[in-house]
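Visitor: I would like to learn how to read the features of a helical model one at a time, with the general idea first and the particular case after it. Could we look at the model together?

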Amino acid sequence: MNKKLAAALSGGAVLMLVLSGCGGDDSDEKANAWAKKVCDQWQPELTKIEAANADIKRVATESSKPEEVQKTDSAAFGTMSESYKTMGAALQGAGVPPVKDGQATLDAAVKGFNETSSGYAALKTKMDALDPKDQTKFADGLKEVAGGLQEATKGGKDALAQLNAGGLDKAINSQKGCQVASPSPSIK
């Protein structure tokens, strides 16, 4: 059974932070204790990311006015930037995970979340700079912002790949705080 740690992005581009594996494996209590520290702190951030994504999707599908799209997307990107930064800090605060090459795994994952945080901050800046009064330029600007989503989310995907490669996927999957259901399909 796959359990998903999900964070979706706007306009059909979806980042699913998928940690696949079977939950409930208690063979490594140290890894589970480490994952619990992380997931307990990630839970509120994942909830914020899901809410931000829902807002982006709502304005994208409701034929909203450019001003509302700009305001909503900007706020959502700001929320996501802060949430990914907080998730990286939670990893750092949990300490070195009890796996082979734990420090390298930790460092790479923290770096990835920080890169995604910076990527969303850059998207927020681009969104704020758009002129909603000029619909043609605004539409072109939205395409540019949407084009930057993949680059913005790369760090987060890389971070999860590091955690999975480090052998933490089962421990993280078993934590309720890292299980966020999402109706969105995943892009792998």
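Visitor: Let me start with handedness: is the crossing of α2 and α4 left-handed or right-handed?

Guide: Before the answer, please keep in mind that this is a predicted model. The crossing of α2 and α4 is left-handed. The helices concerned are α2, residues 66-94, and α4, residues 135-147, whose axes come within 11 Å and cross at roughly 25 degrees. Since angles under 35 degrees count as roughly parallel, α2 and α4 are therefore roughly parallel to each other.

Visitor: Where do these helices stand in the chain as a whole, and in what order do the elements of the chain run from the N terminus on?

Guide: The secondary structure comes to 6 helices and 2 strands, and from the N terminus on the order is β-β-α-α-α-α-α-α. As for burial, 47% of the 188 residues of the chain count as buried.

Visitor: At what angle do α2 and α3 pack?

Guide: Helix α3 covers residues 102-129, and it packs with α2 at an angle of about 165 degrees, the two axes being 8 Å apart. That makes α2 roughly antiparallel to α3, and the crossing of this pair is left-handed.

Visitor: How do the axes of α3 and α5 cross?

Guide: The axes of α3 and α5 come within 7 Å and cross at roughly 165 degrees, which makes α3 roughly antiparallel to α5. The crossing of α3 and α5 is left-handed. One can also look at individual residues: Ala165, placed in helix α5, has its C-alpha 8.2 Å from that of Thr105, although 60 residues separate the two in sequence. Ala165 is exposed, with a relative accessible area of 69%.

Visitor: Let me stay with α5. What span does this helix reach from its first C-alpha to its last, and what would be expected?

Guide: Helix α5 consists of 17 residues, 149-165, and reaches 24 Å from its first C-alpha to its last, close to the 24 Å expected at 1.5 Å a residue. The helix nevertheless has a kink of about 30 degrees, centred on Gly155. Just what follows the helix is also worth reading, for α5 is followed by Gly167, whose phi is positive, near 90 degrees.

Visitor: Which residues of α5 are buried, and how should I read such a list?

Guide: The general idea is that an α-helix has 3.6 residues a turn, so residues three or four places apart point the same way. In α5 the buried residues are Leu149, Ala152, Thr153, Gly155, Gly156, Ala159, Leu160 and Leu163. Gly155, where the kink is centred, is thus itself among the buried residues of the helix.

Visitor: You mentioned a positive phi in a glycine. Which residue in the loop between α1 and α2 should I look at in this respect?

Guide: As a general matter, most residues other than glycine have a negative phi, and most peptide bonds are trans. In the loop between α1 and α2 one finds Ser63, whose phi is near 50 degrees, a positive value in a residue other than glycine. With a relative accessible area of 73%, Ser63 is exposed. Asp101, which lies in the loop between α2 and α3, likewise has a positive phi, near 55 degrees, and at 55% relative accessibility it counts as exposed.

Visitor: How many disulfides are there, and which residues are joined?

Guide: The count comes to 1 disulfide, and it joins Cys39 to Cys178, with an S to S distance of 2.0 Å. Cys39 lies in helix α1, residues 29-61, while Cys178 lies in the segment after α6, residues 169-173 being that helix, so the pair ties together parts that are 139 residues apart in sequence. To read the hand of the bridge, one looks at the torsion about the S-S bond, which is about -95 degrees for Cys39 and Cys178, so the disulfide is left-handed.

Visitor: Are Cys39 and Cys178 buried or exposed?

Guide: Under 20% relative accessible area a residue counts as buried. Cys39 is buried, its relative accessible area being 0%, and Cys178 is buried as well, at 3%.

Technical notes. Residues numbered from 1 in each chain as written. Predicted model: local features only at pLDDT ≥ 70, side-chain atom pairs only at ≥ 80, totals over all residues. Heavy atoms only, no water. Helix = DSSP H or I, 4+ residues; strand = E, 2+ residues; numbered from the N terminus. Expected span 1.5 Å × (residues − 1). Bend = angle between axes of the 7 residues up to and from the residue. Buried < 20%, exposed > 50% of the residue type's maximum accessible area, 1.4 Å probe, protein only. Disulfide = S-S within 2.5 Å. Axes fitted to C-alpha atoms, helices over the stretch in contact; angles between N-to-C directions. Parallel < 35°, antiparallel > 145°, perpendicular 65-115°, else oblique. Left-handed = near helix turned anticlockwise from the far one by under 90°.
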